[in-house]
Amino acid sequence: MYMMSPRLEIDLLKITHNAIKLKSLYASKGVGIMGVTKVVCGDPKIAKALVKSGINTLADSRIENIRKMSSAKIKASFVLLRTPLLSQVESVVKFADISFNSELSVINELSKAALKQNIVHKIILMIELGDLREGLLPSDLDSTVIEILQLPGIELIGIGTNLACLFGIKPDQNKMKYLSALAIELEKKFSISLSIISGGNSANYTWFKETCDAGKINNLRLGESIFLGCETLYRKPIPGLFTDAFTLYAEVIESKIKASVPNGEICQDAFGNLPKIKDSGQMRRTILGLGLQDVLVSGLCPKLEVDIIGMTSDHIILNAKQTNLKVGNEVAFDLNYGALLSAMTSPYITKTYK
Ligand SMILES: *Cc1c(COP(=O)(O)O)cnc(C)c1O
């Protein structure tokens, strides 16, 4: 009997363990967490595990994932992380309790959609603090808030920032202090109270450990550190967490002793690259039934003593070294964030849970 392959094995107990640990770590300095489900495509079983760990707010960048969790009757509040698409405002106010925003024109449309549906939609304003992805410039904050406060159907409940994504900019003490100061200023200036000051993501771990006072920062949005057990500035494991909640299995479809150097004139490969090959004599070349159409192969790390020497759409070629892999055997891999994202998204990879 062979098991389904390729297959992503998901250990829900390890995810639950990580979530509980992180929740209590961050709570020790008054920081609540949202569980970010986008890397797992809003998988309802995983979402359930997060809720069971005491995380009652789930955040995702895609409204489709939020709809999926909502239809699966996951008992949580739902937050849309990516600023809404104008073409989706109706479903955003319908399915998300809160959305992160950085464009007034979008907030205007959210207001209209909320009025139509007779609800109040909560928003958090994203502020650009250096990573140059989404966010209002701090200098535009006041004028934007003035407009928002006049909009019916919209409640401004907080501000936030996102760093360490596009350019890996570190969320340091200065940036967190600045965000705190902006929150205090807004509350004073407009006589409002902001209940969520969201300082960032899994990259905020180092700042959090070093700071003795989180200031006004009372929220982080965590994906990778829950699922892969690491911080994301240096990709160091977080003590006490599992880093192997996900394991990808692929099946050997060919295994033969062949040359390490191809025979003939070398031109472009399947992806337009000109291969460079070093002669290391004869080797056991083992082929797996898994390739670039399934997963970001560069983000895989084999758990056996083998080397990945090449990949095409549907194959990974290994130097099997001393492992003696045979047709039908399986090779297990650890995954980085990019590999996990692609594996969860891939319709070709079966997901199993334990
Ligand atoms: C993806 C995302 C997160 C979660 O990031 P991790 O590094 O997985 O913790 C948080 N906030 C925003 C806005 C995101 O897009």
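These legends go with a set of close-up views of a predicted model.

**View 1. The whole protein chain, before we zoom in.**
The protein chain has ten helices and 16 strands. Its C-alpha atoms fill a box of roughly 75 × 40 × 40 Å, taken along the principal axes. Of the 354 residues in the protein chain, 49% count as buried. As for charge pairing, the structure holds 14 salt bridges, and a few of them get their own views below.

**View 2. The ligand and the shell of residues around it.**
Here 13 residues surround the ligand. The closest are K38, S202, R221, G223 and E224. Sorted by class, the shell is a mix of four nonpolar, four polar and five charged residues.

**View 3. Oxygen atoms of the ligand and the protein atoms facing them.**
Start with S202: a side-chain N or O atom of this residue sits 2.5 Å from an oxygen atom of the ligand. R133 also brings in its side chain, with an N or O atom 3.1 Å from a ligand oxygen. E224 does things another way, using a backbone N or O atom, which lies 2.8 Å from an oxygen atom of the ligand. How much of the ligand does the protein bury? Taken alone, the ligand exposes 390 Å², and the protein buries 94% of that.

**View 4. R221, a buried arginine with polar company.**
R221 belongs to strand β9, which covers residues 219–222, and is listed among the closest residues to the ligand. Which side chain of opposite charge is nearest to R221? That would be E134, at 6.0 Å, and R221 has no salt bridge even though it is buried. The cut-off for a salt bridge is 4 Å between a side-chain nitrogen and a carboxyl oxygen, so E134 is too far away to count. What R221 does have is polar contacts: its side chain meets the side chain of S198 at 2.7 Å and the side chain of N162 at 2.9 Å.

**View 5. E224 again, this time with R235.**
Besides its backbone contact with the ligand, E224 forms a salt bridge with R235, and the closest N and O atoms are 2.8 Å apart. E224 lies in helix α9, while R235 is in the loop between α9 (224–228) and β10 (246–259), so the pair ties together parts that are eleven residues apart in sequence. Are the two partners buried or exposed? E224 is buried, with a relative accessible area of 8%, whereas R235 counts as partly exposed at 47%.

**View 6. K116 and E90, a link between two helices.**
K116 and E90 form a salt bridge, with their closest N and O atoms 3.0 Å apart. K116 is in helix α5 (residues 104–116) and E90 is in helix α4 (residues 89–95), so this pair ties together parts that are 26 residues apart in sequence. K116 is exposed, at 64% relative accessible area. Its partner E90 is partly exposed, at 38%.

**View 7. E254 with K258, plus a salt-bridge network elsewhere.**
E254 and K258 make a salt bridge, and the closest N and O atoms are 2.8 Å apart. Both ends are partly exposed: E254 has a relative accessible area of 22% and K258 comes in at 34%. There is also a network to look at, in which salt bridges that share partners join R7, E9 and E330.

Key. Residues numbered from 1 in each chain as written. Predicted model: local features only at pLDDT ≥ 70, side-chain atom pairs only at ≥ 80, totals over all residues. Heavy atoms only, no water. Near = heavy atom within 4 Å. Polar contact = N/O pair within 3.5 Å; in protein donor to acceptor, adjacent residues only side chain to side chain. Areas by Shrake-Rupley, 256 points an atom, 1.4 Å probe, with all protein chains shown as cover. Nonpolar A, V, L, I, M, F, W, Y, C, P; charged D, E, K, R; others polar. Helix = DSSP H or I, 4+ residues; strand = E, 2+ residues; numbered from the N terminus. Buried < 20%, exposed > 50% of the residue type's maximum accessible area, 1.4 Å probe, protein only. Lys, Arg positive; Asp, Glu negative; His and termini not counted.
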